[in-house]
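This report concerns the strand pairing and the disulfide bonding of one protein model. The sequence and the structure are shown below.

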Amino acid sequence: MRPARLTVVTAAAVVAALTAVTGCSEKSDASGDGTIRVKASDSACEVSTKEFPAGKVQIEVENKGSKVTELYVLFPDDRIVTERENIGPGTKATITAELKAGDYEIACKPGMKGDGIRQQVKATGTGTAEKRSPEADAAVAAYRKYVQEQADETLPKAQAFADAVKAGDVEAAKKAYAPSRVGWERTEPVAESFGDIDPKVDVREDGLEPGQEWTGWHKLEKSLFADNKIDDADKKLAETLIADLTDWQKKVGQAEITPTSIANGAKELLDEVATGKVTGEEERYSHTDLVDFKANVEGAEKAYELLKPVAVKNDPALSAELDKQFAALNNLLEKYRPNKAAYEYTSYDKVGEAERKELSDGVNALAEPLSKLAAAVAK
């Protein structure tokens with residue numbers, strides 16, 4: 001879960017103002033190799049070209065600022081096409097995406113807060129660069145089915161959680177809390193792509209924007225596990241959570257899904273583990289971080305498994321490395337699953353620093369080859 005979601009900014013006058021104030025580039029020259037280069041800083045988001053051919057696009061972002069940044073490609077209605085989080089100062093990241101002809105925004109988000117510094121861009125031409133392979137089409141269809149299934153399966157579990165909250169049953173609500181989140185965590189990048197749902201259901205207290213009301217799972221988590229009580233406001237909030245999750249369930253079928261978005265989503269899930277679960281920040285009151293951790297890994301692995309027929313054909317060495325690293329990380333997680341028959345893991349406050357470092361190393365070992373999957377399936 002990222003701390004907050006970008007808000008819609010579409011007016012040309014606003015973009016022009018951002019350009020004048022923050023230094024967003026007005027250059028229209030493309031790099032010689034066709035890569036879109038983005039120079040991000042604490043106050044600017046310079047894009048090397050404002051128009052480029054539709055199809056498979058490679059974006060290279062360099063963070064020249066002093067803050068960790070994020071890079072987003074957004075539809076005009078603020079849905080996310082693709083993103084890359086946690087780009088550290090002085091580092092670079094490369095993102096491969098598939099863009100149909102049309103208008104988009106590229107946004108840099110220094111400090112991972114606020115609306116971001118935005119630049120309007122356009123993909124020109126007739127659409128995708130080339131016809132997809134049957135394997136790629138099959139992966140998209142299967143992944144679309146998977147994310148819908150996860151949303152459908154989440155609703156009854158979330159309803160059980162909400163019912164326990166509304167009944168004032170603290171212990172039952174605590175028990176239902178982690179299972180209610182598994183489907184969301186498996187498919188989080190797709191859920192987050194709609195922009196307005198994630199801040200309602202999954203934001204942490206320190207990720208709230210000024211004036212934003214704290215709602216969702218983590219507000220209830222604090223009431224249950226830190227305060228050990230349920231009040232009338234929590235009961236009302238449980239109803240709101242179900243309404244927001246029902247909205248997500250209905251919207252999942254509208255998500256823009258491509259082979260590269262599936263691959264980039266898998267990498268985003270590993271980023272979620274690295275920045276929230278390994279650190280213990282995500283589930284700071286319930287300490288159910290390892291449940292989320294496992295769900296994120298499962299979602300990433302499902303994405304990879306569906307893309308594997310394409311990846312094996314285009315980059316067999318990468319596929320072999322991914323097989324190896326997924327197996328290693330799953331084996332590591334099994335150490336923290338005392339009851340192999342249940343989807344339950346050791347409370348994260350019982351996991352020592354040395355063990356957390358081992359988990360972090362396992363995530364990093366997988367994240368590196370996984371970052372190459374989108375490029376492999378785009379070949």
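The sections that follow describe a predicted model, beginning with its open sheet and ending with its disulfide.

## The open sheet

Five strands make up an open sheet of mixed pairing, arranged in the order 3-9-8-5-6. Its edges are occupied by strand 3 (51-53) and strand 6 (80-87); each has a single partner strand, so one side of each lacks a neighbour in the sheet. On average, neighbouring strands of this sheet are turned by 20 degrees against each other, direction ignored.

Within this order, strand 5 (residues 69-74) pairs with strand 8 (residues 102-108) in the antiparallel sense, over four bridges. Leu71 has Cys108 of strand 8 as its bridge partner.

## Strands 4 and 7

Strand 4 (residues 55-63) and strand 7 run antiparallel and are joined by eight bridges. Opposite Thr94 in strand 7 stands Glu60.

Strand 7 (residues 92-99) is mostly covered, with six of its eight residues buried.

## The disulfide

One disulfide is found in a search of the whole structure. It is formed by Cys45 and Cys108, whose sulfur atoms lie 2.0 Å apart. Cys45 belongs to strand 2 (residues 45-47) and Cys108 to strand 8, so the pair ties together parts that are 63 residues apart in sequence.

The S-S torsion of Cys45 and Cys108 is about 60 degrees, and the disulfide is therefore right-handed. Cys45 and Cys108 are both buried. Cys108 thus links two of the topics above: Cys108 is the bridge partner of Leu71 and also forms the disulfide with Cys45.

Note on methods. Residues are numbered from 1 along each chain as its sequence is written. This is a predicted model: local features need pLDDT of at least 70, side-chain atom pairs count only at pLDDT 80 or more; totals for chains, interfaces and linings use all residues. Side-chain values use heavy atoms; hydrogens and water are left out. Two strands pair if DSSP finds at least two bridges between them. Axes are lines fitted to C-alpha atoms, for helices over the stretch in contact, and angles run from 0 to 180 degrees between N-to-C directions. Buried means under 20% relative accessible area, exposed over 50%, partly exposed in between (1.4 Å probe, protein chains only). A disulfide is a pair of cysteine sulfur atoms within 2.5 Å.
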